[in-house]
Structures are given as structure tokens and as C-alpha cells.
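Me: Please take one part of this structure and look at it closely: the empty space in it. Cover the pockets and the cavities, then follow the chain outward from their linings.

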Amino acid sequence: MADKTKRGSKFSRLLRKRVPILSWMPSYSTDKGISDLIAGVTVGLTVMPQSLAYATLAGLEPQFGLYSAFIGCLVYIVFGSCKDITIGPTALMSLMTYQQVYGRNSDFAVLLCFLTGCVQILMGILHLGVLIDFISIPVTVGFTSATSVIIACSQLKGLLGLEFTSAGFLDTLQKVYNHIGETRLEDTTLGIVCISILILLRKMKEANLDHLKLTKNQKTALKRFLWIVSTSRNALVVIVSSIIGYMYYNESERTSIVILTGKVKSGLPDLKPPPFTTNLNGINLSFSDMCTELGSSILLVPIIGVLGNVAIAKAFSSGDSVDATQELYTIGLANIAGSFLSSYPVTGSFSRSAVNHASGVQTPFGGFYTGALIILALSLLTPYFNYIPKASLAAVIICAVIYMIEYEVIKPMWQSSRTDLIPTFATFVMCLIFGVEYGILFGVFINIIILLYTSARPVVHVEKSQSSSGHEYLLIQPGNNIYFPAVDFVRLNVCRIAIKQGYSKLPVVIDCRYIQGADFTAAKGIYSLISEFNKRSQPIYFLNPSPNILNVFKGVCFDAFKSVSSQQELDHVLANISSTSTEPCELKEVKTVNGVCEIESKGNTDAASEVPLLEDSLKPQIVKTS
């Protein structure tokens with residue numbers, strides 16, 4: 001009976017963990033409902049113009065943006081673990097979708113959405129959220145900055161009133177240059193005015209009202225009004241631009257002074273399975289053919305989607321831990337469900353999540369009102385979307401992505417770790433030249449190479465120390481774990497350091513404080529190191545090795561491995577050595593014969609020995625302290 005109760009309790013905890021709505025819904029109140037309503041409607045006013053703009057960025061018809069905007073909000077209500085996140089189309093997912101839709105049709109976007117969800121669910125089942133850790137912050141900075149530049153550049157044609165198709169950053173720049181003479185003054189003027197207003201409205205909520213002679217309540221009300229206007233800036237700009245497009249619309253010629261978005265299909269999307277076959281240029285493609293066309297995006301899009309979603313969850317978690325596995329399940333379910341309603345890949349939006357947070361959302365139920373508003377727009381407002389100028393949508397996208405260019409991190413990165421600038425700039429340049437998929441893969445590859453190099457070439461700290469009783473010894477501290485790529489490097493450098501100090505009999509103590517991992521190859525290398533020191537009768541000890549390190553090294557070195565577990569024990573050992581040893585020999589000359597270091601000494605001639613020298617290319621990073 002007790003076992004059944006225990007199993008039932010465990011299942012209940014797991015169910016609440018995987019279906020978070022069961023945890024917060026029982027305590028849902030009217031106050032929370034009002035807060036969620038305000039936040040949900042505010043986010044809805046933000047997501048509608050963005051969805052239309054992102055759909056055009058993805059190379060799809062505008063209604064696909066709205067199709068993608070509501071289902072994720074509804075799924076996240078049940079399975080989401082962060083109250084602030086809003087799921088839907090984003091600039092990054094739209095750009096990556098465009099890479100697959102260009103030259104094809106919308107079936108590829110919907111199938112990519114389904115496969116993205118399947119991969120994310122599989123990653124959750126296999127607990128592969130750890131893969132996200134291989135994408136470091138420097139790589140992410142280079143990736144997001146490059147995609148922001150690519151997205152902003154892709155909107156130049158809409159901003160300038162040009163009409164052409166392009167693939168990639170460089171191709172877009174070339175096409176803009178070739179068609180620059182066809183620039184439409186009306187569209188360009190409208191686009192520039194929209195960008196200026198959007199930037200101004202964005203800054204409005206940061207206005208300092210302290211100098212105004214207003215009461216506290218008046219200031220609070222004014223700040224709230226400015227915040228609402230600033231938050232709704234995209235909707236306001238699109239509405240005003242649409243009025244201008246409608247006022248100058250010629251019904252007979254179906255044209256306006258500016259290029260309009262065009263007809264947006266009204267009504268909700270049909271509920272149907274994602275397309276597993278399609279017809280492209282008169283050729284029937286099977287499911288495997290479509291997967292071949294999608295290529296590496298089947299893996300990259302899901303990983304990028306989860307990376308963004310987890311990053312947002314961490315940003316709004318207030319220091320609490322984020323369950324990456326739950327986010328994998330949730331975003332995967334959102335994409336799978338969305339693919340049955342003609343959605344393209346979605347993920348969490350940082351800008352809309354920030355609006356949601358600032359609006360005072362209390363639970364994920366705020367997404368219900370956002371989704372309901374989008375469904376209402378699809379049912380009633382789509383005829384009016386026809387009059388939205390493309391230049392205004394281009395302005396919305398440009399103003400959304402220019403703040404994603406993280407140029408401000410370069411200075412602190414330069415001051416703290418200049419090596420991190422290598423994967424940052426490598427990712428940035430490769431994304432611009434070869435595309436975002438190859439760019440991030442290259443950035444991760446560079447990062448792994450740097451990690452492997454630092455692992456194989458650890459920093460070695462050297463310090464000449466004294467025990468409490470005044471006995472001198474040489475303290476050598478490797479900077480990290482010792483595995484097979486680093487063992488020869490560490491072994492040769494410890495020998496070299498011991499010789500260069502000028503005391504071939506001075507006891508050497510290797511501090512194992514930071515060595516938490518080692519393998520068989522490392523143990524063999526340590527055994528060779530001990531043997532070399534024994535040949536010239538120079539004592540060597542290992543200070544405070546962890547139990548697992550002790551087991552690894554003892555398993556190969558046996559009694560030759562001499563360890564001390566504390567500084568007091570080391571002092572006692574050094575005192576015993578001092579009482580039985582002769583004076584340390586003084587090195588007279590060190591010369592190289594056939595790559596071997598031959599030591600000539602004066603004093604105790606037993607100290608002469610042979611120690612392999614390092615090649616110049618293998619010289620260690622040695623930090624000497626006195």
C-alpha cells in the first residue's frame with residue numbers, strides 16, 4: 001500500500017512538472033485574470049503587425065504569420081514553464097525559413113515546422129538540452145548580430161520600393177545596387193518616417209518626467225500612458241500607414257502611391273496534416289525528397305529555436321533554474337500543433353516576452369487573450385490588411401532587429417577574454433557570406449577547437465615556496481584537468497621548469513587542487529614524470545589529489561606515486577627530506593644533444609640526468625610568482 005502511495009505521489013509530481021497548468025491554475029484569481037487580460041491584449045497588438053511583417057520576411061503570404069502566431073500561445077498556456085514567454089514567429093525563425101522556402105513553396109515551411117517539433121520532442125526525451133551548452137555566448141553574439149544585419153538588409157527592397165527576389169546577404173546587396181535607380185520616392189519617404197517614429201516612440205517610455213511640475217499620481221498616469229503608446233508603436237504605425245495607403249488607393253487600377261501588402265486570405269486556416277508530398281515546378285516530390293531539400297535545417301532550426309526560448313526563460317526566471325527539457329517539450333508541441341494549421345517554425349520572442357513581462361502578466365494564461373485577439377483578426381480584420389504598405393512593414397522589422405546587433409559586448413569581451421572574439425567574428429562573417437546555418441556551425445567548430453587547445457595546453461603556475469619550518473620547495477600548479485592531449489605537455493614542462501629554476505635537488509610539489517579528471521594515458525605520463533625525477537634523485541610529491549585522481553594514478557604508478565593530503569603533512573615530509581639529504585646541486589650548464597637536455601652540474605654529480613626539452617612551439621604559458 002505504501003509503495004502504491006509513493007508511486008502515486010511520484011507520478012503526481014511528474015505530471016505537475018510536465019503539465020505546469022495543474023500547478024498554477026488551482027490558485028488562479030480574478031486579480032491575476034485582469035493582469036493577464038491586459039498583458040495578453042497588449043502583446044496581441046504587438047504581434048499582429050510583426051506577424052504580417054515576419055511572414056513576408058520568410059517568403060510567405062502575410063496570413064501565414066498570423067497562422068503561426070496563435071497556436072503557440074495556446075499550447076504554452078498548458079505546458080509552458082515561464083509566465084512571460086510568448087510563442088510565435090520571430091525574425092530569426094523567419095529568416096531561417098526563408099532559406100528553405102526560396103525557390104520552393106509554402107509546403108516546405110509547414111513541413112519544416114512539423115519536423116522541427118519532432119526533433120525538439122526527441123531532444124527532450126533524450127535529455128539533449130545539453131547540446132545548447134555547446135553554443136557559447138560569443139557564438140550566439142556573432143550569430144544574432146549577423147542575422148540582424150541580414151534581416152535588416154533584406155528589408156531594403158521594401159523600404160526603397162524595389163521589387164526583386166534574392167538569396168542571401170551578398171546577393172541582396174548586389175540586387176539593391178543594381179536596382180537602386182528604380183527607387184520609389186513615396187515608399188522610401190514613408191519607410192524612413194516610420195523608422196524615425198518607431199525609434200522615437202521606443203525612447204518615449206524612457207522619458208524623464210522629474211522636471212515636470214506634476215503630482216505623483218499625475219506622473220504615474222503619464223508614465224503609464226507613455227508606456228502604452230511606446231509598447232503599441234508597431235500597431236500605431238501600421239494603422240496610420242494603412243490609412244494613408246487606403247486614402248490614396250485607386251480602386252479601378254488597384255494601386256496606391258505606395259506598394260501595398262496585397263490581399264490577405266481571411267478566415268482561420270484549415271485543420272489538416274502537414275504536407276508530406278508536394279509538387280514543385282511540375283515535379284512530384286516525396287517525403288524523403290522534401291527532407292533532402294530541407295537538408296541540415298531539420299536539425300539546426302530546432303536547436304536555434306530552443307536556444308532562443310531557453311535564453312528568454314533564463315532572462316525572466318529571476319535567478320530560478322530553467323527546465324530546458326520542459327521547454328523542449330513545449331516548443332516541440334507548439335511546432336507540431338502549428339504544422340496542422342499551416343504554421344511555419346516558431347519559438348519564443350524576446351521583444352514580445354519583454355512586453356508581456358512589463359505589462360504585468362501573472363501566468364501563462366495571458367497567451368489565451370493574445371491568441372484570441374489574433375483569431376479575431378483573422379476572422380474580421382484581414383480585408384483591411386490589404387492596405388498595409390510594405391515600406392511600413394519593412395520599417396517594423398528593421399526597428400525590431402537593429403537592437404539585436406550586440407556591438408556593445410565587444411569592449412568587455414576585449415577587456416576580459418580576447419580569445420572569445422575569434423568565434424564571435426568568425427560566426428558573424430561566415431553567416432554573412434555563406435548563410436546562417438553554416439555560420440553557426442563554423443562558430444561552434446571554432447569554439448570546440450579553442451576548448452581542445454586550452455585543454456591540451458593548460459596554464460602552468462610556478463611558485464617558489466617555503467614550508468612553515470622554512471624548507472624551500474618548488475610548487476607547480478596545472479591549471480586544469482589532465483587528459484591524454486595535455487599529459488605530455490604538462491610532463492615535459494614540469495621537468496623543464498624544475499631544471500630552469502636552478503635547483504635540481506629542490507623538492508617539487510604538484511598541486512592537484514584543480515585536477516579533477518584524468519585518464520590512463522595521463523597516468524602513464526605521470527609515471528614517466530616520476531621516473532625522470534627519480535633518476536636524478538629529485539623528490540616529487542602530489543599535494544591533495546582527489547580520491548578519483550588518486551585511484552587513477554595509483555593504478556599505474558603504484559608506490560612510486562607519492563601524495564600528501566594536507567599542507568601540514570607536506571611540511572612534515574619536507575622536514576624529513578631536509579634532515580637526510582645533502583645540499584642541492586647547482587646547475588652549471590644545460591645543453592641540448594639530439595633533442596635531449598644534458599645537465600652538467602657542480603657539487604653533487606649524481607644530479608646529472610637527461611630531460612627532454614620542449615620544442616619552441618610547445619612552450620607553456622607559465623605564470624611565475626615570487
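Reply: The pockets come next, then the cavities, then one helix, and finally some single residues.

The ground rules are short. This is a predicted model, in which local features need pLDDT of at least 70, side-chain atom pairs count only at pLDDT 80 or more, and totals for chains, interfaces and linings use all residues. Residues are numbered from 1 along each chain as its sequence is written, and side-chain values use heavy atoms, with hydrogens and water left out.

Some terms are needed for the empty space. The search runs on a 1 Å grid over the protein atoms alone. A pocket is an open set of points with protein on both sides within 12 Å along at least five of seven lines. A cavity is a set of points where a 1.4 Å probe fits but cannot get out. Lining residues have an atom within 4 Å of a point. Points are joined across faces, edges and corners, and a volume is the space filled by probe spheres set on them.

Start with the largest pocket. Its volume is about 1,300 Å³. The lining holds 50 residues, and Ile312, Ser349, Phe350, Ser351 and Met404 are the closest to the centre. Helix α14 (residues 297-315) gives the largest share, eight residues. Helices here are DSSP runs of H or I with at least four residues, strands are runs of E with at least two, and both are numbered from the N terminus. By class, this lining has 27 nonpolar, 14 polar and nine charged residues. The nonpolar class is Ala, Val, Leu, Ile, Met, Phe, Trp, Tyr, Cys and Pro; the charged class is Asp, Glu, Lys and Arg; the others, Gly among them, are polar.

The second largest pocket has about 670 Å³ of space. Its lining has 30 residues, with Thr56, Ser154, Lys157, Phe164 and Lys390 the closest to its centre. Two or more lining residues come from each of α3, α5 (91-101), α7 (137-154), α8 (156-160), α9 (169-178) and α18 (390-401). The classes divide into 14 nonpolar, 12 polar and four charged.

Now the cavities. There are two of 30 Å³ or more. The largest has a volume of about 80 Å³. Of its 14 lining residues, Ile85, Thr86, Asn356, Pro364 and Gly367 are the closest to the centre. Helices α4 (63-79) and α17 (366-380) each supply at least two residues of that lining. The largest share, three residues, is from α17. Seven of the lining residues are nonpolar, six polar and one charged.

Return to α3, which helps to line the second largest pocket. It covers residues 30-57, 28 in number. The expected span is 1.5 Å times one less than the number of residues. For α3 that gives 40 Å, and its end C-alpha atoms are 39 Å apart, which agrees. The helix still bends by about 25° at Val47, and Pro49 follows within four residues. The bend is the angle between axes fitted to the seven residues ending there and the seven starting there. After the helix comes Gly59, with a positive phi near 80°.

The link from α17 to α18 joins a helix of the cavity lining to one of the second pocket's lining. Asn386 lies in that loop. Asn386 is buried, at 17% relative accessible area. Buried means under 20%, exposed over 50%, and partly exposed in between, with a 1.4 Å probe and protein chains only. The C-alpha of Asn386 is 9.5 Å from that of Lys265, 121 residues away along the chain.

Two further asparagines have positive phi. Asn281 has phi near 55° and sits in the loop between β2 (278-280) and β3 (283-285). Asn281 is exposed, at 70%. Asn544 also has phi near 55°, in the loop between β8 (540-543) and α24 (547-557). Asn544 is partly exposed, at 41%.

Cysteines close the tour. A disulfide needs a pair of cysteine sulfur atoms within 2.5 Å, and the count is zero. The sulfur of Cys118 is too far for a bond, because the closest cysteine sulfur, in Cys113, is 9.7 Å away. Cys118 is partly exposed, at 30%, whereas Cys431 is buried, at 1%.
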